[in-house]
Every structure is written in structure tokens, then in C-alpha cells.
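Work through the exercises below with the coordinates open. Each task is followed by a stepwise solution.

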Amino acid sequence: MKNFPDRTLPIVLMCAQVLGWPGLALLRAERVPGPALLTAALVIAPVGAALAWRRRRPVLALLAVVSACALGSTGVPPGGFAVLGTAGAGLALHAVAARCDARTTVLVAAALVGWQTLWGMSLHGIGRAQGLDILLTVGTYALALGIGMPARRRSRDRAAAARRLARAEEERRRLPEVERGRLARELHDVSAHHLTGVVVTAEAALRLGDSRPAMTREALDFVTRTGYEVLGTLVKARSGLGGPVEESGSVVRQIEELAAGLRRLGQPILLDLPSDLPGTRGEAVHGIVREALTNALRHAPDAQVRVRCTAVGDAVELEVRNAAPARAADGSSELGGGRGVAGMRERARAAGGRLTAGPERDGGWCVRAELPGSRPGAGGPARRVDRFRLAQGVAAVGLVTNPLLPALASPATSDAPGSGLGPGALTALLAGTQCLPLLGIRRAPWTVFCAVLVLSGLWPLAVALGAPDGPYAVPLLASAAVTAVTVFGVAVHRRGTPPPWAAVPLAGCGQLATVTLLAAGRGAAADGATVAWAGGAALAATGLFTGAWWAGRARRARRDRTLASEGDAFAAAVSAAVAEASAERQRMVRGLRESVLSRTGRMVGRAERGELAEAAADAREALAAMRELLSHLHTAPPDAERAPQPTVDDLDLLCRQYRALGRQVTLHEPEAAAGPLPTSVGLAAFRIVERALGAGDGDPADVLLVHAAERLDLVVSGVPRATAEPVMTLLRAQADVLGGEVTADSPGTLRVRLPAGYGQVQQKEGSPSPST
């Protein structure tokens, strides 16, 4: 059924062409020459095939139609190919508008109109007799464009929605793994590194305590200070906020401080670093160097390590090489979790580069990383675009030069050009002028509506200036049709005030004024019959406008339902991804709480009491617990189906998910939280922000979170669809359950206020849960 219109419409047009000519001529027993019949067959068959092929190659199909009709018109009577020449070209132009971009469509349509005009002039001249032909042709092409271009937008929107949903589903499967890897890297890179330093320092102080008593006090201070840093990092990991984002200019200083700390532990390190390292590549270099130096401290204590980093532009080459160990490792090599090299490779891959690591011939170890900079495009796409535009230009030239084909095939006709502009041509020009504002109907419907009403005064003005006489119906129907299309557009694309139904009475009043001025321009007497005729015409036009408004309202409702279903599907995929990633985070939180945090806190307490040996033992246990935690991150949680729902603490996950899907969503939290939130408030806050962001908008958005002592304030900006009435009703209902409020400060900005104190949150009896 998909190809039914593709095959049926060309067959219908071919049958209509055969019935029109030569069918009517044969029925009237007129003599039809054999060469003319052969010409008709040679034109109708290729044109039908080209029209059947129009969806795959619309521009080429249009070229084939107009070329065949232009060549064949010299061998048949005038107007013989009127059906294929007008309706067939219109059908092909509709395919161009529905399949090609706006630039191609406008270029082809302008070239086609120019071709039609020049072709008519080359065959018959131009005069009053050709006016209705021009009106029919221009009307057919305008109808083709008016139907085809919205169809292209709908197809584009459906394809974009399908791509967004597919990408969201892919991200839904990927985000838990990403969150798991992010937390694992953070814990491994920071906490494991610090804990390894604690173990090495403490054991070195215990080993040399008799010969260097001051080293014991230094080791205790180092263990205490480092333990508090580890606790702070672990608490941040529990909250999901992660570590602070380092400035690119401080990366070199961080590496120097890291090397200075390891030198105090007895590890000789030589640094060869540039003065600065670029953004994300600098962060990758810092993580790789930190891991490589920690591995050297574990496996090659007292061996010299050389760090060499060179930066050319924003491309970075890094090499960390350590010599063979001078002495056997005293148990430090057992402190690692086996993910060091894999973590370094992940960092290099995330920065767009690659990393190799392995032993050297002299017994040492070498880590090399290449992080290439961003390179401009090679120019291939630009050349393809240039060739595409060249093809468009050739198509336009081919369309415009088609009038030369009849002249080459046979001498020009001897018909003398007419004089003056016919009523049909004038009607086409006036209607085209009135249609021009319709190009902006999507962005400014009311402005376009007012412009169309003002331009409707061109019709009586043309009559007053002595335009050719003609029936009243032609200008009235043309003006009413354009106005009805505008009323339809206002109903579909309505924004702000006044309400869209106001377009119907305003258009009726405008049509009454047009009818009255037309009658006055024609010199009609202001008698009762004329007034009744004008009122009846305006009333009939108002009925047409009412039908257009209802059609636009139905179109708007259908579009809103489509957007809502697509937005719900997209939001559901995002919500599922965030829920699964939140479950991964909760698994990490439980593991930290049960193992690492308790042991690290005990280590700090013993170091403050001067129990260095016990603190070193606790550090080893914390490292072992973290290694076990990281190794079990890839196993399925036994309570995955009962994982807690995401709360306000998971808004950072939600924003990261939208950024991964191509939408810039930023979370701002200027102050630290003023204490824990009730679970119902956290759930409601997350669901409100989730629904606001998932309302179907694709513009950048900002989420501001302010947690005071007694309330939680949320401001979501950049979400115009969320401030519309259907979504606002749902959001208000969600906040009312807890006694909060949701307001729209302006179109696109949402303000939410929820009670944050445990004593203030009183869920209404019988109200649904905030998480539903």
C-alpha cells in the first residue's frame, strides 16, 4: 500500500491526457494525423514512467516531464498536452517540495515558472487570451508547493523524533555502564592512589623509625591529612557530584605537586612538561600520569621515573618510563586492583587518542599515550556540497532553457502577441502577492494574518484603477481562499494573545470590507440588493473561515497528541536510563558505606591517636575492600528490580543524559544543601524536572536548584512547551500533593517551590504518590 499513490496518480493523469487529447478529437470524428498520435504515445509513456519514479529522483523526474512535454508540443495541436504539462509538472513539483530542501524547492519552482512563461511566449506570445492559462498553471504549482513543503516538514520531524527515540534507547542501555565506569575511575584514580600513598608512607616510616624518629610524626600527619581527603572524595562520590573540575592551566602544577609528594616517599622522578596543557587532554594526561606514577611506586620502589610530555598545538604526546626496580617490592605491588592499565586506556580513548603500556628490555616499564588535537575537516563534505549546488544550478538552467526545444524542433508560430494583461494573469499576480506573507505563518501567525487582511485591499484597488472587467467571483474566491489558509495557520500555530478563534470574526469583517469596496469600485449602487449581496458573500466567506479554523484546531490537536506521545516515549527512555544509572550509584553507595568508608574513618582515627601500624593495616583493608567493590561492579545486583527511584540527587544524571542526547541542559546548585530532603520531596522534585525537560522541546535548558532550610526552589528555563496548559496541569497536581506550587514566570520559564522541612511535608489524604 505504500507505493499505491506513486503508481495510481501517474496512471490517472495518463488516462486523463488520453481522454482529453486525442480522445475527444477522435470522439468528435476529427481527423488526427498519424504522426501526432505517435508523438502523443512517445510523450505520454515516458512522462508516466518519470512520474512513477518521482519520489526517488524528484528533480530529474520534473526535468523529464517538462522536457518531454516541450518537445512533444510541436507535433500536436495547441494545448494538446495541457493535462500532463500542468498537472504532471505540478505532481513532480510536489515531490520536489516533499523530498528536497527549501533552497532546492524554491530554485526549482522559480525556474519552472520562468520556463512556463518563456515557453508560452515562444509558442503563442502573451496576451489576454493566455491569462486564464497562467492562473491555472500558477495555482497548480502553488497548490503543489503548499501541500509538499508541510509534508516535508512533517517527514523531517517524524524522522528526527525517531532518531531521538532510537538514540535515547541506545543511551538507556549505555548510561548505567557509563555511570559505573565514571564512579569506578574516580574511586580508583583518587582514593586508591591516596590510600596507596598512605600504605607506602606508613610502612616506610615503620621500617626506618629507629633511624629517623621524625619520620613517624610526618607519616602520621600525612596519613591523617590524606585520610580526610579520601573521606571527602568518597562522600562526594556517594552524593554523585564527583570531584571538582580542574582548570586546564593547573594540570601541570598538579602533576608537579604529585611528583613532589612521591619524591618524599623515596621515589626519584624527573619531569619534562610543557608550560600548559589543553582542556580535556590535560585532564587525561593528569589521570594517566597519576596512575603510572602510582604503579611505579607499587611495583618499582626507588626506581627512577621520567615523565616527558610534549604539546604541539592541542595535540599531546606523553611518555612515562621507569627503570628496573632497585629492590624488590615490599608488598606494595599487591595493593593494586588490576585495572590501572585499562583505566589509562579508557582515559586516552575518551580524549580521542590511544595508549600503549608494556615492559622494556632493561626490566623497566613504559607508558606511551598519543592524544591528537582537533583537526579541521579535510574538505570532502564542502566539495560534495559544491557539487550538489552545481547540480542544482544545472537543473535550473535546464528548466529555463527548455523553451528553446520547441524553437529547435519547429518554426515559431505566427500568432501575434496580444496586448494588455488579461484578468487571469492579473488575478494570479494579486493572489501571489497576498500569499507572500504566508511564508512566515509558523513564526508569527498573527502578524501574517494582519498582513493578509491588509493586502486583500489590493483587489478593490486594482478595480478602482481600471483593471480589466471580469466576474466578481474570481477576486472574491481568490481573496477568501488566501484568508482561509491564513485562518487555518493561526489555528495551528497559535501563540499568545488574542485567542485563535478571534481570527474568524476578524476575517469575516475583512471579507465584508473587500466585497463592499469591490462593489464600489465597479460603480454599483448602494441599494438594498447590493448590500444584501455583499452581506451574503461575507457570511458565506465567514462559514469558510469557520471550517478552516476547525480544521486547523483539529490539526493542532493531532500534532499535540503526536508530540506528546513522542515526548512521553523519549522521556520514558531517559527516565529508565536515569533509574538504572541511579541503581548503579546506589550499589556503589552501599559498597562504600559497608566497606571502604568505615575502614578509612577508622584509619584516620588511629592516625590521630598515633597508632601508625594499625592505621597502615586499616589502609590496606580499605584498599582491599575497594578493589573487591570495583571488581564486583559488573555483576547484576540481587535487588535490581527493587532499586530505589531517582530523586533530586539524581538530577545531575538526568542533565548528563540529555547532554549525551545532543541537548544542552545545565544544572546549577549555587549553595550546598541545607540538610537531607524528605524522600517524597526528592521524588517529586525529580519527576517535575523530568516532565518539564521531556515536554518535547529541544532548546538549551537550565535547571537551578536552591535548597534552603524550609523549602526547595527549582527554576527550569528554556522549556516553552512545559509552560503550556496541559503540562502545567500535571505539574501543579504533582506539587499540590505536597503542598507546593508551580508557576510560569514567562513562556519557557518554570518556577517550583516545595516544602523541604520534615514537619512541613504533609501529603493530602487519598492523594497519589509523588512518584506516580
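**Exercise 1.** In this predicted model, determine in which sense β3 and strand β5 (residues 365-371) pair, and over how many bridges.

Solution. Step 1: take β3, which spans residues 315-322. Step 2: check its direction against β5; the pairing is antiparallel. Step 3: count the bridges between β3 and β5; there are seven. Step 4: pick a register point. Leu 318 stands opposite Ala 369 in β5.

**Exercise 2.** Describe how β3 pairs with strand β2 (residues 305-312).

Solution. Step 1: β2 and β3 run antiparallel. Step 2: eight bridges join β2 to β3. Step 3: for the register, Ala 311 faces Val 316 in β3. Step 4: inspect the turn. The hairpin of β2 and β3 has two residues between the strands. Gly 313 takes a positive phi there, near 70°.

**Exercise 3.** Classify the packing of helix α3 (residues 58-72) against helix α4 (residues 82-99).

Solution. Step 1: get the geometry. The angle is about 165°, and the axes lie 8 Å apart. Step 2: apply the cut-off. Angles over 145 degrees count as roughly antiparallel, so α3 and α4 are roughly antiparallel to each other. Step 3: assign the hand; the crossing of α3 and α4 is left-handed.

**Exercise 4.** Which residues of α3 meet α4, and what is the character of the contact?

Solution. Step 1: on the α3 side, list Pro 58, Val 59, Leu 62, Val 65, Val 66 and Cys 69. Step 2: their partners in α4 include Leu 84, Gly 85, Gly 88, Ala 92 and Arg 99. Step 3: sort the residues of the contact of α3 with α4: twelve are nonpolar, two polar and one charged.

Definitions and conventions: Residues numbered from 1 in each chain as written. Predicted model: local features only at pLDDT ≥ 70, side-chain atom pairs only at ≥ 80, totals over all residues. Heavy atoms only, no water. Axes fitted to C-alpha atoms, helices over the stretch in contact; angles between N-to-C directions. Helix = DSSP H or I, 4+ residues; strand = E, 2+ residues; numbered from the N terminus. Parallel < 35°, antiparallel > 145°, perpendicular 65-115°, else oblique. Left-handed = near helix turned anticlockwise from the far one by under 90°. Contact = heavy atoms within 4.5 Å. Nonpolar A, V, L, I, M, F, W, Y, C, P; charged D, E, K, R; others polar. Pairing = 2+ DSSP bridges.
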